[in-house]
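Student: I have not looked at this one before. Could you walk me through it?
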Amino acid sequence: MRTLMTADLTGAERSGIRRLLDLSFDGDFGDEDWDHALGGVHFLIAEDGVPVAHASVVQRRFLFEGRSWRCGYVEAVAVHPDRQRRGLGVAVMAAAERVIDGGYQLGALSTSDAGRALYVARGWTPWPGTTAVLAPSGVTRTEEDDDATFVREVPGGAPLHRAGTLICDWRDGDVW
Ligand SMILES: CC(C)(COP(=O)(O)OP(=O)(O)OC[C@H]1O[C@@H](n2cnc3c(N)ncnc32)[C@H](O)[C@@H]1OP(=O)(O)O)[C@@H](O)C(=O)NCCC(=O)NCCS
């Protein structure tokens, strides 16, 4: 398991991770999804130089209860189809959670159907409130993302047990 900033990835590692994501998400991982996974910290497991498990944490700003909070957002969690159910997903998530707990005021992610069991098993909580985005036109509800949004409360951080509306910052592509 290696922890690397995006700037530390070699060109081969970047393209290897992108290939892993295309494979694990069965072609349903686009350029904007890839863009969302860059600029923070990567957790990478490789076999013979080939990435087989990956997750990244990027910083976002979330509005909640009238304050802006520093959020560690988990992106691009994937394990090679031939290596699943062996604990690699747990390994990259444990590393991501350490970074979130030590450096951010909350953790958040948007789960796929395949990822839901993993996050629940690790104590992530489905967001019980509503979600929205701070779009260029103003705060806009994102109803379709309510069910997939998971959060992780960090001691001394955002009081997520109070629920309410969680508002993410704007970006191209899927905002959650
Ligand atoms: C989700 C994913 C990363 C899990 O990786 P993994 O290496 O298989 O996960 P692990 O082996 O570490 O599983 C850890 C635990 O999570 C739970 N879990 C993981 N996948 C599960 C599943 N499909 N059904 C039920 N429980 C599951 C179990 O508690 C499991 O422990 P167990 O195997 O002892 O029962 C992997 O399935 C994947 O890459 N899927 C495609 C891409 C994707 O959807 N990524 C998530 C984006 S949000």
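Tutor: One term will help beforehand: two residues are in contact if their C-beta atoms, placed from the backbone, lie within 7 Å. Please also keep in mind that this is a predicted model.

Student: OK, so among contacts between residues at least 6 apart in sequence, what share join residues at least 24 apart?
Tutor: That share is 70% in this chain.

Student: And which helices and strands are there?
Tutor: The chain has four helices and ten strands, and from the N terminus on they run β-α-α-β-β-β-α-β-α-β-β-β-β-β.

Student: How does the radius of gyration fit with a compact globule?
Tutor: The chain has 16 Å, which agrees with the value near 16 Å that a compact globule of 176 residues would have, while the C-alpha trace spans about 50 × 30 × 30 Å along its principal axes.

Student: What about the inside, which residues touch the most other members of the largest nonpolar core?
Tutor: In that core of 43 residues, they are Ala-55, Phe-62, Val-92, Ala-96, Leu-106 and Ala-108. Strand β4, residues 67–79, gives the most to this core, with eight residues.

Student: What does Phe-62 contact, leaving aside neighbours within four places in sequence?
Tutor: Phe-62 is then in contact with Trp-69, Cys-71, Leu-106, Ala-108, Leu-166, Ile-167 and Cys-168.

Student: Switching topic, how many residues surround the ligand?
Tutor: There are 19 of them, and the closest are Gln-84, Gly-89, Ser-112, Gly-115 and Ala-117. This shell divides into ten nonpolar, seven polar and two charged residues, and β4, α3 (88–103) and α4 (116–121) each supply at least two of its residues.

Key
Residues are numbered from 1 along each chain as its sequence is written. This is a predicted model: local features need pLDDT of at least 70, side-chain atom pairs count only at pLDDT 80 or more; totals for chains, interfaces and linings use all residues. The radius of gyration is taken over C-alpha atoms; the globule rule is 2.2 Å times the number of residues to the power 0.38. A nonpolar core is a set of buried Ala, Val, Leu, Ile, Met, Phe, Trp, Tyr and Cys residues joined through C-beta atoms within 7 Å. A residue is buried if 20 or more other C-beta atoms lie within 10 Å of its own, exposed if 12 or fewer, and partly exposed in between; C-beta atoms are placed from the backbone. A residue is near a molecule or strand if its C-beta atom, placed from the backbone, lies within 6 Å of it. Ala, Val, Leu, Ile, Met, Phe, Trp, Tyr, Cys and Pro count as nonpolar, Asp, Glu, Lys and Arg as charged, and the others, Gly among them, as polar.
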